Amino acid sequence: MSRPLVSGAALVFALVGLVPIALMLARIGGDDMATAFHARTGHLLLRTLWVGGGSALLALVLGLPYGFLVARTDLPGAGFLRALGVLPLLAPPLVLAMTLTVTTGARGGFAIPLVLGLGTFPLVALYTARALERIDGRMEEAARLAGGKRAVLRVQLPLALPSAATAACFAFVLAINDFAVPDYVSSIGTKFPVYADEVFASWRSAKDTGRAVAAALPIVLLTLLALVPALHLARSTRLVSLVGDFRRPEPLALGRARPIALLFVAAVLALAVVLPIGRLVWEAGGGPRGFAPAHLRASFARALELGRSNLQSSLLYASGAALLCLPLALVLGHALARMGRWVRVAGMIVILPFAVPAILFGIGSIALWNRPLTAALYDSGWMAVVLLVGRFAPFAVLALASAAAMLDPRMEEAARLAGAGPLRRLAWIVAPALLPALLGAGMVVFVLALRELDAVILVPAANSMVLFRLYNAVHFGRDDFVAALALLVVFFVLLPGLLHALFGRARLEVLP
């Protein structure tokens with residue numbers, strides 16, 4: 001790789017993703033440290049651990065068998081059920097919270113892990129499915145001959161567990177850093193403050209960056225403690241599958257267990273997909289006043305009328321963030337895959353923008369860009385794009401690094417010997433081979449940016465975004481329009497996947 005090219009990409013990544021973190025840490029004073037270890041710290045830590053641990057456990061308990069059933073068995077409609085199971089991961093957590101708390105009656109410390117666990121179980125299912133699909137079919141055939149189905153399961157489970165544990169660690173991190181769900185649950189029932197609430201309150205009460213950062217230090221350390229094993233497990237579970245004689249395993253016959261498997265999958269989808277969507281449709285159609293198609297049409301018309309500009313802004317910002325992330329991720333991901341012994345250190349640096357709470361990253365971005373020299377940027381919609389790039393570029397970089405690590409470096413070496421320069425090799429050799437990963441990474445960044453609220457909630461550009469409009473609406477008056485607007489958000493979040501399912505040919509690579 002060209003050193004100037006990699007250095008330039010690294011500088012851009014540092015500016016949008018790492019400098020905000022450095023500025024936050026630099027503003028911590030001696031008096032601020034008392035905030036990190038005051039009397040409430042123990043209670044907040046226990047509550048945050050409960051939320052993260054409960055969410056990760058629920059995601060693992062549901063996601064591991066779900067991923068196995070839809071990826072490796074003869075379950076009827078497995079492909080459709082696999083795609084449908086991804087929906088809770090794509091839907092904004094706030095939308096899940098505003099529906100599941102009503103349909104299940106859950107409140108307080110039970111509701112938050114329930115919502116976040118159901119929202120992240122598809123992550124465990126996806127990682128489990130990918131790990132199982134990379135097991136060579138000959139290994140399973142040998143196990144089947146030696147001991148039947150039980151022997152096959154004994155071979156598969158140890159190979160799938162590290163991937164499932166990786167995803168559970170990611171679910172833990174997402175849960176302990178979430179602000180919108182605990183905030184919403186506390187607003188409708190028993191208060192259950194967690195560290196993300198403390199960070200937000202520390203900033204809003206006195207606009208004191210140092211105090212807010214100090215308050216978040218325990219959760220940052222907790223996040224890093226979860227990400228270190230996650231990244232280690234992710235690297236250790238990359239099985240060598242793209243060899244010439246790889247044989248795809250045959251689906252396992254469920255036999256008499258098929259009805260039980262179908263019941264389990266149906267129950268999970270009913271709770272995580274049918275209930276939330278059904279509740280939104282019911283509310284948009286009139287709710288307690290009586291459901292009617294005319295009410296539903298009127299609600300969507302009003303949602304489009306009042307929220308059109310918000311939807312347009314969010315779609316524009318998310319698209320811009322996705323497009324800007326792709327060249328950055330291609331250069332840095334490829335460099336990361338070829339780095340050698342320093343790859344683990346580099347991987348931890350890349351993941352740092354995701355390791356800090358989203359609200360804290362937003363505060364750091366405010367500290368960086370809210371100054372006279374960059375006032376025009378800060379007051380414009382570009383501020384949201386820059387913030388979203390810094391927050392979600394790590395996902396794209398790690399996804400491209402994972403895909404690039406599976407490319408044969410001899411192709412690039414042959415192009416180099418033929419006289420192709422670094423930029424030409426990247427454009428004509430690496431990029432075409434990584435096209436599914438590029439499309440997948442762009443789609444992931446678009447979806448994450450479109451559903452993001454916590455990181456952008458404090459910047460001026462957030463006022464024009466649809467999630468901010470929805471956040472205010474559910475707190476200050478919930479009616480048919482709110483449910484219809486939430487359904488529109490879910491539709492646009494799912495739209496890239498729907499378009500690819502209809503017109504795409506290549507299978508996307510989206511997991512790091």
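User: Happy to look at this predicted model with you. Is Phe354 buried or exposed, and what is its relative accessible area?

Analyst: Good place to start! Buried means under 20% relative accessible area. Phe354 falls under that cut-off, so it counts as buried, with a relative accessible area of 6%.

User: Which ring does Phe354 pair with edge-to-face?

Analyst: By the ring rule, the count for the model comes to five aromatic pairs. In one of them, the ring centres are 4.8 Å apart and the planes are at 70 degrees, and planes over 60 degrees apart count as edge-to-face. The partner of Phe354 in this pair is Phe395.

User: How many residues apart are Phe354 and Phe395?

Analyst: This pair links distant parts of the chain. Phe354 belongs to helix α14 (residues 343–355), while Phe395 belongs to helix α17 (residues 382–404). Along the chain they are 41 residues apart.

User: What forms one aromatic cluster with Phe354 and Phe395?

Analyst: Let's follow Phe395, which is partly exposed at 24% relative accessibility. Phe395 also takes part in a tilted pair, 6.2 Å centre to centre with 45 degrees between the planes. The other ring of that tilted pair lies three residues away in α17, about one turn of the helix, and is buried at 4% relative accessibility. The residue that completes the cluster is Phe392.

User: How do helices α13 and α19 lie relative to each other, roughly parallel or roughly perpendicular?

Analyst: Helix α13 (residues 293–337) and helix α19 (residues 422–433) pack with their axes 12 Å apart, at an angle of about 80 degrees. Angles of 65 to 115 degrees count as roughly perpendicular. The two helices are therefore roughly perpendicular.

User: How many nonpolar residues are in the contact of α13 with α19?

Analyst: From α13 come Leu330, Val331 and His334, and from α19 come Leu426, Val430 and Ala431. By class, one residue is polar and none is charged. The nonpolar residues number five.

User: What is the separation of the C-alpha atoms of Val185 and Ala97?

Analyst: Val185 is in helix α9 (residues 180–188) and is buried, at 0% relative accessibility. Beyond residues up to four places away in sequence, Val185 touches Thr101, Arg107, Gly108, Ala111, Ile112 and Thr190. Ala97 is 88 residues from Val185 along the chain, yet their C-alpha atoms are separated by 7.3 Å.

User: Which residue has its charged end over the ring of Phe192?

Analyst: A nice one to finish on! The charged end lies 4.6 Å from the centre of the Phe192 ring. The residue is Arg47.

Note on methods
Residues numbered from 1 in each chain as written. Predicted model: local features only at pLDDT ≥ 70, side-chain atom pairs only at ≥ 80, totals over all residues. Heavy atoms only, no water. Axes fitted to C-alpha atoms, helices over the stretch in contact; angles between N-to-C directions. Parallel < 35°, antiparallel > 145°, perpendicular 65-115°, else oblique. Contact = heavy atoms within 4.5 Å. Nonpolar A, V, L, I, M, F, W, Y, C, P; charged D, E, K, R; others polar. Phe/Tyr/Trp six-rings, centres within 6.5 Å; stacked < 30°, edge-to-face > 60°. Buried < 20%, exposed > 50% of the residue type's maximum accessible area, 1.4 Å probe, protein only. Lys NZ or Arg CZ within 6 Å of the ring centre and 35° of its normal.
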